[in-house]
Amino acid sequence: MFFGCDRGLEMYDRTPGRARVRVNCCVVLACATVAGHAHAGDGDLFGSRVLGLPSNAERLGVGDLDGDGILDLVASLPNADQLAIRFGACSKEEPIRIVESGNGAWAIAIADFDGDGDLDLANTNRYSDQISVLFNDGDANFSGETRYATSLSPLSIAAADLDGDGDIDLVTGNQFGFNEDLSIFLNQGDGTFDPGVFLLAGSRVSALAIGDVDGDALPDIVVTNQSHDRIGILMNEGGAQFSEVVHAPVGEFPTDLQLVDLDLDGALDVLVCNGSSDDLSVLLNTGTGVFADQIRIPTGEGALAMSVGDLNGDGFPDASVMHVASDDAVVLLNDGSGGLVRDRSYGTGLGHRDIVLYDADCDGDLDFATAASPNWAIAFRFNNGEGSFVPDKVLAESVEPNALAFADFDGDGDADMAVGSGYLFPDSLGLGIHMNTGDGVFVEVGQYLPIGGVQDIDAGDLDGDGDLDLVTTPSNDFHDPQVWFNQGDGTFVDGGSYQAGIAPNESVLVDVDGDGDLDLLSVNPNSDELSVLFNDGAGVFADPVLYDAGASPVVIAAGDLDGDGDPDVVIGDSLTDELSILINLGKGVFALSTQIDVGSNILDVLIADLDGDGDLDLATADSSERGAHILYNNGVGGFAEIVSRPFGSSPSMLGDGDVNGDGFNDLIVLDRQVGTVTVLEGSASGISSQKREYLVENTPRWMRVLDADQDGDLDIATTSYSGRVGLLLNRSIEPVCLADFDGDGALDFFDVSAFLIAFSTEDASADLNGDAQLNFFDVAEFLASYLGGC
């Protein structure tokens with residue numbers, strides 16, 4: 001597959017207003033054929049997924065509801081009085097199934113309550129102080145809802161055979177139950193339950209778990225007492241009769257609790273998530289239900305929920321903790337003795353409320369799913385099998401990384417990175433240059449200090465010397481765009497600043513006068529102008545030519561809309577919510593052609609061929625109407641009616657490219673509020689309503705689309721306020737495993753035999769190192785690949 005050979009800088013720099021210009025052919029990188037095979041996880045190209053729901057999600061549960069041997073996921077939707085079921089599938093994904101249940105469906109328990117061999121559902125109803133029990137017909141159709149009264153505000157539920165009669169009973173934790181902290185519902189054997197019996201367990205029960213903590217083979221109950229920063233332990237004395245509660249201190253404001261044998265000594269330990277002290281409390285069991293003093297492990301700000309399981313396959317249970325304040329989940333790996341060591345954090349998007357670990361993609365390791373309240377979704381991150389979750393690429397760490405540009409600065413054929421900082425601190429930060437080692441690993445080689453910080457970066461050959469220079473647009477309103485000349489090796493010198501109107505917001509480099517060099521265009525919302533600065537060919541720009549650009553022009557894009565060979569300009573106005581199209585009359589002289597009302601709150605504009613007909617279309621990101629608007633070109637610069645694609649919460653930046661490798665241009669949208677990238681899939685007729693959403697670094701600011709690791713598919717880079725430049729690595733193409741000689745996906749004797757036959761018969765397929773010779777080095781390549789397991 002070939003990329004970029006006719007699109008100039010577009011291959012690397014796809015931010016609106018910069019990547020669509022098709023005149024920059026001097027910077028095209030060498031194209032190469034990439035050997036690869038399709039990844040089995042079709043649709044999960046970037047190692048994460050965001051699955052939309054009809055309402056806000058609060059809690060999650062996992063179980064095989066349809067009996068196919070694959071775990072299903074259940075989410076509670078309290079504002080809709082529903083449960084949503086995402087059926088597990090190893091190939092084609094089934095639609096979400098909605099089950100009506102209760103009044104304010106909250107916590108979920110999954111068990112076979114009626115003894116018919118399939119799993120039923122129970123949930124607490126926060127708004128009516130009840131539980132609902134629903135019965136499975138065997139095909140995951142749920143009916144026969146029966147409700148039972150609890151005490152006030154049942155926020156937690158668990159299921160176990162408390163009285164030893166062979167059927168599953170229920171317990172709820174009632175946050176405001178006062179002297180009715182727990183409700184015990186004993187099963188009569190057919191899935192009907194006795195009225196609730198109340199137990200004292202300490203005030204403000206926020207979470208509970210059931211397990212045999214004292215080794216007598218009877219299930220005990222452990223709860224969190226949120227208002228007293230402690231846990232309560234109730235020992236089962238037989239027949240669902242419980243001892244008085246015994247307390248132990250934990251961290252501040254405990255929010256979640258798990259029972260798990262952390263040190264593999266055969267006794268269940270207690271793990272508590274503390275929301276105000278931002279840590280975990282680990283209480284190791286001595287074996288008789290007596291617990292050692294807590295060990296506190298810092299996790300992150302606003303620890304809300306957690307889940308446990310063996311994430312890295314070493315046989316020891318690990319933990320993942322979700323933070324409501326920082327909108328991320330941190331992984332803590334077990335050190336083998338029951339201690340938990342923080343590994344790293346992963347963005348979950350805005351406002352997630354619960355987390356579960358289970359094998360969501362059928363590959364044998366534990367992934368995590370989180371429930372989101374504000375953006376009505378479940379988000380998945382997929383485990384790479386070693387306890388880290390794709391995407392796991394962090395390209396750079398910086399203070400407030402803001403703008404990005406990717407281009408080949410050192411002439412070695414891969415895309416290097418320029419990172420601009422200074423959106424909030426414009427006078428203290430700068431411009432970082434990071435060189436690509438060729439495999440998507442970036443090493444910082446230089447730091448520069450543009451005047452006024454950086455909120456936009458554009459790359460192109462300004463002085464005609466064959467290497468790529470930069471222009472930075474300042475984040476401080478009182479400064480001007482600044483030129484940085486490349487010395488040929490990726491080091492830069494200050495080429496001076498140029499006045500481009502009052503407080504330029506965004507810029508683009510494009511040859512508007514047809515003289516073969518790149519001119520500079522900027523939009524200025526404070527003076528309501530477009531500034532056009534003509535390049536003299538040596539990277540020196542003339543004084544700006546000014547054009548009226550509406551009431552508050554904030555974004556700009558350029559491309560040949562009318563097919564006359566001259567790049568035209570489109571400007572988005574945040575005040576009037578209009579696109580202004582300025583047609584190039586030749587020699588860089590512009591005239592207003594038309595203005596198009598495209599909704600409200602335009603945050604970005606894109607020019608790209610979105611329907612494959614050879615002319616350039618328009619797209620805008622609309623944060624108020626929560627979607628993207630698409631206008632298809634009629635071939636002469638006229639545009640059809642707006643096609644809207646609603647999604648997300650605050651779409652804010654656009655890109656394009658064939659992300660899924662189907663031959664059609666996709667529309668890529670960054671949502672700053674919920675921390676996602678949405679890929680709207682292209683088709684023969686344009687951008688379809690089919691979409692895939694992926695998690696990125698928290699509170700993202702900027703986005704670029706590029707092939708960072710040169711494997712032939714498009715990756716997505718984002719900056720975030722958390723201080724990271726993150727990379728979504730596309731998994732649609734993976735390198736061929738050299739040792740899998742028969743191509744069956746398994747390494748075995750047949751591969752060894754096939755290689756030896758090819759080598760002994762001097763077949764070219766045995767030339768694994770590509771030097772046109774069959775020798776020891778090819779054998780070494782085969783052995784290294786085989787022993788390494790590919």
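This report describes two strand regions of a predicted model.

## The open sheet from β11 to β14

Four strands form an open sheet in the order β11-β12-β13-β14, and their pairing is antiparallel. Because β11 (154–160) and β14 (197–199) stand at the edges and each has a single partner strand, one side of each is left without a neighbour in the sheet. On average, and with direction ignored, neighbouring strands of this sheet are turned by 25 degrees against each other.

The partner of the edge strand β11 is β12 (residues 169–174), and these two strands pair in the antiparallel sense over six bridges; within this pairing, I157 stands opposite T172 in β12.

## The buried strand β34

In strand β34 (residues 431–436), six of the six residues are buried, so this strand is largely enclosed by the rest of the structure. In a regular strand the side chains alternate between the two faces of the sheet. Both faces of β34 are covered, with L431, I433 and M435 buried on one side and G432, H434 and N436 buried on the other.

## Partners of β34

Strand β33 (residues 416–421) pairs with β34 in the antiparallel sense over four bridges, and V419 stands opposite G432 in β34. Strand β35 (residues 442–448) also pairs with β34 in the antiparallel sense, here over six bridges, and in this case H434 stands opposite E444 in β35. G432 and H434, which face these partner residues, are both among the buried residues of β34.

The hairpin of β34 and β35 has five residues between the strands, and in this hairpin G438 takes a positive phi near 115 degrees.

How values were computed
Residues are numbered from 1 along each chain as its sequence is written. This is a predicted model: local features need pLDDT of at least 70, side-chain atom pairs count only at pLDDT 80 or more; totals for chains, interfaces and linings use all residues. Side-chain values use heavy atoms; hydrogens and water are left out. Two strands pair if DSSP finds at least two bridges between them. Axes are lines fitted to C-alpha atoms, for helices over the stretch in contact, and angles run from 0 to 180 degrees between N-to-C directions. Buried means under 20% relative accessible area, exposed over 50%, partly exposed in between (1.4 Å probe, protein chains only).
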